[in-house]
Amino acid sequence: MDRNIELTLPVTGMTCAACVRRVERAIAAVDGVGESSVNLATESARVAFDPATTGAGEIVEVVREAGFGVDLDRLEADVEGIFCASCVKRIEDALLRLPAVVTASVNLATGGVVVEAVAGAITMDDVARAAASAGDYGIVPKEAAADATDQAERREEREARELGSLRVRLAFAAVLSVIVFVGSMPGLFPFVMRVPTQARHVMLFLLTTPVMFWAGLRFFRGFWAAARHRTADMNTLVAVGTSAAYVYSALATFAPGLFASAGTDLHVYFDTSTMIITLILLGRFLEQRARGRASQAIRRLADLAPRTATVIRDDAEIETPVGDVVPGDVILVRPGEKVPVDGVVVRGSSAVDESMLTGESVPVDKAPGDEVIGATLNRTGSFEFRTTRTGRETVLAHIIRMVEEAQGSKAPIQRLADRVAGVFVPTVIGLAIVTFLVWLIFGPEPAAVTALLNFVAVLIIACPCAMGLATPTAIMVGTGRGAEMGILIKGGETLETAHRLTTIVLDKTGTLTRGEMVVTDVVPADGVSETELVTSAAAVERGSEHPLAQAVVADATARGIDVPALSNFEAVPGRGVAADTNGTAVLVGTEEFLRERGALPVGDELPPAWKALVESGESIAAGGRTPLFVATSERPLGVVGVADTLRDEAKEAVSELHRMGVTVVMLTGDRERIARAIGEEVGVDRVVAEVLPEGKAAEIAKLRSEGGFVGMVGDGINDAPALAEADVGIAIGTGTDVAIEASDITLMRADLMGVVRAIRLSRRTIRTIRQNLFWAFFYNSIGIPLAAGVLYPAFGVLLKPVFAAVAMAFSSVSVVTNSLRLRRARL
């Protein structure tokens with residue numbers, strides 16, 4: 001029987017018949033592939049394969065390795081009804097069985113699912129059916145058109161409903177559990193003895209039943225759904241454990257003769273069932289509330305956006321919902337109001353507080369032509385701007401989407417927990433049955449009762465939730481904390497890699513330096529004033545568009561100098577410029593340029609005036625700055641030093657990286673001498689100079705080949721190949737361009753200390769994940785044997801099921817609480 005299925009892959013990047021052959025060979029080499037044909041005209045590959053042997057993920061991977069791409073759809077939704085790591089594993093396995101699914105990731109902490117599938121091959125209905133087949137889980141699609149604020153509100157409403165339902169059921173269970181506990185302990189509460197035993201047991205049964213099957217309904221629904229699909233999860237453990245105690249107690253109440261004939265003392269354990277249900281509901285309630293706090297970063301970001309905008313139409317100011325604003329609308333922003341969407345200032349000026357997005361506390365001046373970002377706060381003046389991006393296209397929406405994707409991602413460190421979760425519940429059920437049989441055969445009298453209680457304790461104390469929450473809660477809080485500080489992290493894998501970084505490569509221009517040339521030195525010749533020197537230099541440089549020339553002109557303007565007109569302008573690339581100003585020919589440029597033009601005498605013996613200026617020029621160059629000599633045909637006027645100055649925090653950032661054990665490399669296209677001078681000033685370990693932009697990626701590859709993990713810090717655009725080559729690419733800038741999409745980590749603020757904070761955050765997050773995983777595995781490896789009674793032979797100690805329930809509730813809550821500490825982490 002032919003079990004092969006057919007799948008059509010949209011393949012990108014094919015340009016010729018050779019490409020077709022390469023794709024066909026790559027696909028044919030995959031085990032389980034029967035027939036395949038690639039069509040260049042339709043840019044597609046039709047593949048028939050055995051789903052039991054291979055899947056879409058493997059086929060897509062080999063196409064990519066061959067140098068081509070495959071168009072994929074990304075489907076995102078929230079999942080209802082997941083409680084533990086076993087649920088996560090079961091849904092993921094069901095989704096991966098869909099022939100077109102490439103990857104499927106369910107996040108227990110966020111309750112979300114992300115599916116990547118071959119474009120056009122599946123729909124959200126297919127995802128919903130697959131999830132339902134795994135255990136009646138519900139799928140709530142995320143609407144593509146909805147903006148971030150609406151989605152956050154809907155998610156918050158769902159969480160509030162869930163928390164409210166838990167609160168009511170917990171309160172109900174707690175009240176009845178106290179009554180059942182009192183009624184079950186006549187030794188502690190003598191007044192209970194006044195009620196006849198049979199009547200008391202019936203009353204306890206009547207009080208316990210609604211706790212079991214109303215307050216604890218979610219556990220039995222989950223158990224039944226899992227049982228119908230021949231699987232097991234945490235609900236199975238709770239339902240079987242509490243039902244065992246409940247059924248035993250019900251039989252003891254209504255058929256006591258069964259136990260009398262067996263010679264067993266009559267006891268009921270309704271209090272065990274009710275207390276277990278109550279304590280697990282308490283743990284679920286605390287866990288849900290803590291998980292809600294862990295996801296507050298997205299809500300806080302979404303709350304930044306204002307709901308209305310003042311749109312100017314036909315000279316009238318109209319209060320308009322932000323959702324109705326379209327690109328091209330002109331919007332008025334008054335002092336104290338938030339900028340509703342992204343745009344460009346067309347009229348007016350102000351200072352805008354961008355700290356909510358970038359972490360920069362100093363307001364940024366805005367004037368016509370400057371870009372403004374939605375959700376930032378206008379501080380002083382009024383201005384009008386033209387809308388450029390709205391809805392899901394705004395910077396804020398990009399940030400929220402990136403944080404959501406990061407929080408929904410998985411780190412490689414989680415793979416162990418996922419593998420364990422797949423076999424955890426069946427293993428625990430097996431251990432519980434073995435425990436029951438051992439105590440029933442070898443235990444002291446009443447052996448049946450002791451065996452039952454230990455059976456229940458083993459089922460109840462086992463906690464797959466702690467394992468399932470260990471990684472995603474830490475990633476959720478860590479990435480959220482980063483977003484609040486202006487550090488956008490792509491996902492769990494980036495976090496895990498970043499904590500291993502041993503080398504950081506810093507691009508010089510715009511990263512270590514400000515990327516803006518400024519005049520640093522003004523050295524006039526004897527008999528020449530600073531004003532005369534700067535005036536002459538600026539007059540000539542005004543005709544040039546070179547950054548060095550613009551720096552000289554800007555310095556003259558800052559000094560209040562009225563720059564005279566020029567004529568006969570001439571520029572010699574890489575050398576200098578010449579022009580006539582005030583009837584005098586003036587030269588500005590390198591030492592060689594002035595020699596060529598005869599202004600600077602040729603020979604070893606220079607006139608004293610020139611000798612002093614040449615020495616000053618050498619000193620300026622030795623400091624990593626560029627000397628510009630200024631002279632007329634008759635006399636020297638002086639030398640001006642220009643440099644791209646270091647960022648204020650550059651030295652501190654490099655020093656902190658060294659303290660963290662990270663090697664710092666500076667990569668630049670500048671000349672060796674200038675690069676060395678800047679490298680020594682800032683304190684980097686190694687300088688790689690005179691590297692062309694296309695050669696930076698090769699230098700990163702070379703550093704990686706030397707061992708360790710390499711991070712590249714650049715502007716996210718010009719350095720894109722190098723950022724992609726690095727283990728972790730860190731884009732430093734405003735975050736308003738493609739850097740958000742192109743890098744692994746994007747720093748919203750142009751601050752090198754953000755690199756330090758990003759690495760610290762990754763290290764703190766991974767440390768928290770390891771603590772959580774250790775606790776989850778340690779708890780289960782110690783708790784289950786204790787519940788099975790391993791201490792009884794030596795110490796006569798048995799763990800009561802109620803205490804097992806306390807331990808189980810505490811384990812999940814402790815993991816989430818430990819992750820929440822990241823919110824207060826000092827970075």
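Q: What makes strand E13 (residues 350–353) and E16 a pair?
A: Two bridges link E13 and E16 in the antiparallel sense. Two strands pair if DSSP finds at least two bridges between them, so E13 and E16 qualify. Strands (E, at least two residues) and helices (H or I, at least four) are DSSP runs, numbered from the N terminus. Val352 stands opposite Asn378 in E16. The model is predicted: local features need pLDDT of at least 70, side-chain atom pairs count only at pLDDT 80 or more, and totals for chains, interfaces and linings use all residues. Residues are numbered from 1 along each chain as its sequence is written, and side-chain values use heavy atoms, without hydrogens or water.

Q: Why do strand E14 (364–366) and strand E16 (377–378) stand at the edges?
A: The open sheet has three strands in the order E14-E13-E16, with antiparallel pairing. E14 and E16 each have a single partner strand, so each has one side without a neighbour in the sheet.

Q: What joins strand E21 (residues 567–572) to strand E22 (residues 576–581)?
A: Four bridges do, in the antiparallel sense. Glu570 stands opposite Ala578 in E22. E21 and E22 form a hairpin with three residues between them, and Gly574 in the turn has a positive phi of about 75°.

Q: Why are H7 and H8 called roughly perpendicular or roughly parallel to each other?
A: Two packed helices are described by the angle and the distance between their axes. The axes of helix H7 (residues 217–228) and helix H8 (residues 234–254) come within 8 Å and cross at roughly 115°. The bands are under 35 degrees for roughly parallel, over 145 for roughly antiparallel, 65 to 115 for roughly perpendicular, and oblique for the rest. H7 and H8 are therefore roughly perpendicular.

Q: Which residues in H7 meet H8?
A: With contact meaning heavy atoms within 4.5 Å, the H7 residues are Arg218, Phe219, Phe220, Gly222, Phe223 and Ala226. Among their partners in H8 are Met234, Val238, Ala239 and Thr242. The residues of this contact divide into eight nonpolar, five polar and one charged. Here Ala, Val, Leu, Ile, Met, Phe, Trp, Tyr, Cys and Pro count as nonpolar, Asp, Glu, Lys and Arg as charged, and the others, Gly among them, as polar.

Q: Why does Thr387 count as buried or exposed?
A: Buried means under 20% relative accessible area, exposed over 50%, and partly exposed in between (1.4 Å probe, protein chains only). Thr387 has 3% relative accessibility, so Thr387 is buried. Thr387 lies in strand E17 (residues 383–389). Beyond four places in sequence, Thr387 touches residues including Pro327, Ile331, Val341 and Asp342.

Q: How is it known whether Asp342 counts as buried or exposed?
A: The relative accessibility of Asp342 is 0%, so Asp342 counts as buried. Asp342 is in strand E12 (residues 342–348). Val372 is 30 residues away along the chain from Asp342, and their C-alpha atoms are separated by 5.7 Å. Asp342 also touches Val372, with Phe385, Thr387 and Val395 among its other contacts.

Q: What makes the phi of Ala375 worth noting?
A: Most residues other than glycine have a negative phi. Ala375 has a positive value, near 85°. Ala375 sits in the loop between strand E15 (371–372) and E16, and at a relative accessible area of 0% Ala375 is buried.

Q: Where is Glu690 found?
A: Glu690 is in the loop between strand E27 (686–688) and helix H25 (696–705). Glu690 has a positive phi of about 55°, though not a glycine. At 53% relative accessibility, Glu690 counts as exposed.

Terms used
Axes fitted to C-alpha atoms, helices over the stretch in contact; angles between N-to-C directions.
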